[in-house]
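Trainee: Before the bench work continues, I should like to go through this structure with you, one question at a time. May we begin with the sheets and then turn to single residues?

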Amino acid sequence: MFPAWGFPLAVIATCAGIYFLPSPIDPEPFVFEKPPPALVGSLQVNKKLQSGQRIFMGQLKGPESFTVDDEGNLYTGTVDGKLWMISGDQLHFITQMGQNMPECGTPDYEPICGRPHGVRVDQDGNLIVADSYFGLYKVNPRTGEKTLLLSSEQGVDGIPFKFLNGLEISKNNLIYFTDSSSKWERRHHKYEVIETNHLGRLLTYDPVTRTARTVLSGLYMANGITLSPFEDYILIAETSICRIIRYWVSGANAGEKEVFVDNLPGYPDNIRLSKKGLYRVGISTTRFPSFFSPFLDALGPYPFLKKFIAKVTPLSFYSIFLHKHGLFLEINDKGDIVESFHDPDGSVTWTVSDVFEHNGKVYLARCFC
């Protein structure tokens, strides 16, 4: 039989052990100035996404982003490190970014297999690919031949890449891309979100001079990007703090940045320009109002709690707090949300990474986060 003081002593010893256990994260406090927006008006819940259908089930594992060539062929990269072409109703394998192994598609093997995120077609018909682990590539879509433009080890301005993500190409072939973090890899992106640091960057690569530079630093998990129709500004999703910023590329405000839309009802991923001139934003995870504050909203001001939770719980634990609700938004050039598209029970999709319009259809990429 234990002495009366045995149990309290065991509890104290356990707490002390956890206290002195190092935390994998070094969080900063962050306070959302407003609660999540009410689901009324343009955010009213509907079932518009439930009229969609899944294609290539079991073949495309976690497509992240889409692009199209002059012949109407679609391209995407998947969580198992593969690049694909969709031609009509046919799916064609292009190449593997890293090693092709049976374990590809699992988080532990992403640094070996690769993870193509941003994918675009350049003026010569080549694919430009931002692989989260290996760097920036040019890929011949017909042969699968890969040419490394910038390695993650090399990085830009003396800072290696950790998590290449969004990608866009201007009309003069300048490549814009984001590095979500200089600390966390893609497979640890949940730590990146919880930590709420600002170690993301917007960068450019000039394929003519083969030079790269940092355009903006100090971004909160820089993610999807898109250029305006006149390419006078670029929009950048700051995923971990649920906002999109605008950086002016040219004109009277060149070199300045500002908040484009704040307090989004979820964590923004890719941003794409629609045929109507609206910006479509995929929401990877929703952040809805309820009786209790959303998990990350509540944790934001308390770095100690973040450290404690990261010490005692595995990364997979945080998935239990994810609301299985599919959503993408349409936003005008003033930063107003004008329409939203929902899948309330996630029956078609509960996470949207990209919203790409082609030939009268809208393709939703569904990342495995």
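**Sheets, residues and the disulfide**

Mentor: We may begin with an open sheet in this predicted model: four strands, paired antiparallel, follow the order 13-14-15-16.

Trainee: Which strands stand at the edges of that sheet?

Mentor: An edge strand has a single partner strand, so one side of it is left without a neighbour in the sheet. In the order 13-14-15-16, this applies to strand 13 (222–227) and strand 16 (257–261).

Trainee: By what angle are neighbouring strands of this sheet turned against each other on average?

Mentor: The sheet in question is the one with the order 13-14-15-16. With direction ignored, the average turn between its neighbouring strands is 30°.

Trainee: Which residue of strand 14 is the bridge partner of I225?

Mentor: Strand 13 pairs with strand 14 (residues 233–238) in the antiparallel sense, over four bridges. Within strand 14, the residue bridged to I225 is I236.

Trainee: Is R246 buried or exposed?

Mentor: R246 lies in strand 15 (residues 243–248). Beyond residues up to four places away in sequence, R246 touches Y233, I234, L235, E256, K257, E258, F260 and D333. Buried means a relative accessible area under 20%. Because its relative accessibility is 13%, R246 counts as buried.

Trainee: Let us turn to the other open sheet. What is the average twist from one strand to the next in the sheet with the order 5-6-7-8?

Mentor: This open sheet has four strands with antiparallel pairing, in the order 5-6-7-8. Strand 5 (116–121) and strand 8 (146–151) stand at its edges, so each has one side without a neighbour in the sheet. From one strand to the next, the twist averages 20°.

Trainee: Which residue of strand 7 is the bridge partner of L127?

Mentor: Strand 6 (residues 127–131) and strand 7 (residues 135–139) are paired over five bridges, in the antiparallel sense. The partner of L127 in strand 7 is V139.

Trainee: In the hairpin of strand 11 and strand 12, which residue in the turn has a positive phi?

Mentor: Strand 11 (residues 200–206) and strand 12 (residues 211–219) pair antiparallel over six bridges, and D206 stands opposite T211 in strand 12. The hairpin has four residues between the two strands. The turn residue with a positive phi, about 60°, is R210.

Trainee: What span does UniProt list for the strictosidine synthase conserved region?

Mentor: The record is an unreviewed entry, and it names the feature "domain: Strictosidine synthase conserved region". In the model, the span is 8% helix and 51% strand, and its end C-alpha atoms lie 27 Å apart. The span listed by UniProt is residues 165–251.

Trainee: With which side chain does the side chain of W184 make a polar contact of 3.0 Å?

Mentor: W184 is located in the loop between strand 10 (175–179) and helix 3 (189–195), and W184 is buried, with a relative accessible area of 10%. Leaving aside neighbours within four places in sequence, the contacts of W184 include P24, I25, Y191 and E195. The side chain joined to that of W184 by the polar contact of 3.0 Å belongs to E195.

Trainee: How far apart in space are W184 and F161?

Mentor: In sequence, W184 and F161 are 23 residues apart. From C-alpha to C-alpha, the distance in space is 9.5 Å.

Trainee: What is the handedness of the disulfide that joins C104 to C113?

Mentor: The structure holds one disulfide, which joins C104 to C113 with an S to S distance of 2.0 Å. Both C104 and C113 are buried. The torsion about the S-S bond is about -90°, so the disulfide is left-handed.

Trainee: What is the phi of F56?

Mentor: F56 is placed in the loop between helix 1 (6–20) and strand 1 (66–68). At 15% relative accessibility, F56 counts as buried. Although F56 is not a glycine, its phi is positive, at about 55°.

Trainee: What is the relative accessible area of N173?

Mentor: N173 lies in the loop between strand 9 (164–169) and strand 10. N173 is not a glycine, yet its phi is positive at about 75°. N173 is buried, and its relative accessible area is 14%.

Notes
Residues are numbered from 1 along each chain as its sequence is written. This is a predicted model: local features need pLDDT of at least 70, side-chain atom pairs count only at pLDDT 80 or more; totals for chains, interfaces and linings use all residues. Side-chain values use heavy atoms; hydrogens and water are left out. UniProt positions are given in the numbering used here, feature names are shortened, and annotations may be inferred rather than shown by experiment. Buried means under 20% relative accessible area, exposed over 50%, partly exposed in between (1.4 Å probe, protein chains only). Contact means heavy atoms within 4.5 Å. A polar contact is a pair of N or O atoms within 3.5 Å; within protein, one must be able to donate a hydrogen and the other to accept it, and residues adjacent in sequence count only if both atoms are side-chain atoms. Two strands pair if DSSP finds at least two bridges between them. Axes are lines fitted to C-alpha atoms, for helices over the stretch in contact, and angles run from 0 to 180 degrees between N-to-C directions. A disulfide is a pair of cysteine sulfur atoms within 2.5 Å.
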